[in-house]
Amino acid sequence: MRHNGRPVILASRLTPNLLSLSDQGGCALVACPDCGCWRSVKRGMVTAHRGPDVPGADAWPAEFRPSPPRCPGSGQRVRIDVTFEQWRKELAEACFEAGKRRPTRVLPRPKPPVAPSVMQLAAR
Ligand SMILES: [Zn+2]
């Protein structure tokens, strides 16, 4: 598989929620930059995969449906330059930050009165 020609993505530049490393030393997982699907990184590249269905593909019967095209994020070069411990620490910090956020308070507003229709006005 050839790379897609785009510049290399450094794992240290990604947010920790878009990366998944294993302490066993297995292959890393990365969220595809184009479609967001989780894909393994093999030979320094995102493994080849197909993108989302083309619009209108649902109209075809399943046996005749054209297969979706290859995702342009396939073959994206990714350099894993963080260790499992570094990534895990960053992920824990990010989760802690997200956990501190307060939800916004939703204020219920009264609904505006609905204007009577022309038929209702004529009936009066
Ligand atoms: Zn993709």
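Tutor: Before we look around, here's one rule: two strands pair if DSSP finds at least two bridges between them. Keep in mind, too, that this is a predicted model.

Student: Okay, then what makes E4 and E5 a pair?

Tutor: Strand E4, residues 38-42, is joined to E5 by 2 bridges, and the rule asks for at least two, so they pair. One contact to look for is Val41, whose bridge partner in E5 is Val46. The two strands run antiparallel. They form a hairpin with 2 residues between the strands, where Arg43 takes a positive phi near 55°.

Student: And how do you know that E3 pairs with E4?

Tutor: Count the bridges again: strand E3, residues 29-31, shares 3 bridges with E4 in the antiparallel sense, and the rule needs at least two, so this is a pair as well. Ala31, for instance, has Trp38 as its bridge partner in E4. This hairpin has 6 residues between its strands, and Gly36 in the turn has a positive phi of about 85°.

Student: What makes E2 and E5 the edge strands?

Tutor: Follow the order of the open sheet, E2-E3-E4-E5, with antiparallel pairing. Strand E2 (19-20) and strand E5 (45-46) each pair on one side only.

Student: Why is the site of the zinc ion called tetrahedral?

Tutor: Its 4 donor atoms sit at angles of 105 to 117°. The test for four donors is that all angles lie between 85 and 135 degrees, so the site passes as tetrahedral.

Student: Which atoms are the donors of the zinc ion, and how do you know that they count?

Tutor: They are Cys32 (SG), Cys35 (SG), His49 (NE2) and Cys71 (SG), at 2.1 to 2.3 Å. The limit for this metal is 2.8 Å, so they count. Along the chain, the donors follow the spacing C-x2-C-x13-H-x21-C.

Student: Why is Cys32 called buried or exposed? And what about Cys35?

Tutor: Cys32 has 4% relative accessibility; buried means under 20%, so Cys32 is buried. Cys35 has a relative accessible area of 27%, which falls between 20% and 50%, so Cys35 is partly exposed.

Student: How do you know whether Gln76 is buried or exposed?

Tutor: Gln76 has 1% relative accessibility, so with a cut-off of under 20% it counts as buried. This residue lies in the loop between E5 and strand E6 (78-79). Its neighbors by contact include Asn4, Arg6, Val8, Pro33 and Met45.

Student: What makes the link from Gln76 to Pro7 a polar contact?

Tutor: The side chain of Gln76 reaches the backbone oxygen of Pro7 at 2.8 Å. The cut-off is 3.5 Å, so the distance fits.

Student: And Val8, how is it classed?

Tutor: Val8 has a relative accessible area of 34%, between 20% and 50%, so it is partly exposed. Val8 is in the segment before strand E1 (9-10) and touches Gln76, Arg77, Val78 and Arg79.

Student: Last one: which residues make up the largest nonpolar core?

Tutor: It has 12 residues in all, among them Leu21, Ala28, Val41, Val46, Val82 and Trp87. Leu21 touches Ala28, Val82 and Trp87, among others.

How values were computed
Residues are numbered from 1 along each chain as its sequence is written. This is a predicted model: local features need pLDDT of at least 70, side-chain atom pairs count only at pLDDT 80 or more; totals for chains, interfaces and linings use all residues. Side-chain values use heavy atoms; hydrogens and water are left out. Helices (H or I, at least four residues) and strands (E, at least two) are DSSP runs, numbered from the N terminus. Donors are N, O and S atoms within 2.8 Å of the metal (3.2 Å for Na, K and Ca); water is not among the atoms, so sites may look incomplete. Four donors count as tetrahedral if all angles lie between 85 and 135 degrees; four count as square planar and six as octahedral if opposite donors are over 155 degrees apart and all others between 65 and 115; anything else is irregular. Buried means under 20% relative accessible area, exposed over 50%, partly exposed in between (1.4 Å probe, protein chains only). A nonpolar core is a set of buried Ala, Val, Leu, Ile, Met, Phe, Trp, Tyr and Cys residues joined through side-chain atoms within 4.5 Å. Contact means heavy atoms within 4.5 Å. A polar contact is a pair of N or O atoms within 3.5 Å; within protein, one must be able to donate a hydrogen and the other to accept it, and residues adjacent in sequence count only if both atoms are side-chain atoms. Lists of a residue's contacts leave out its neighbours within four places in sequence.
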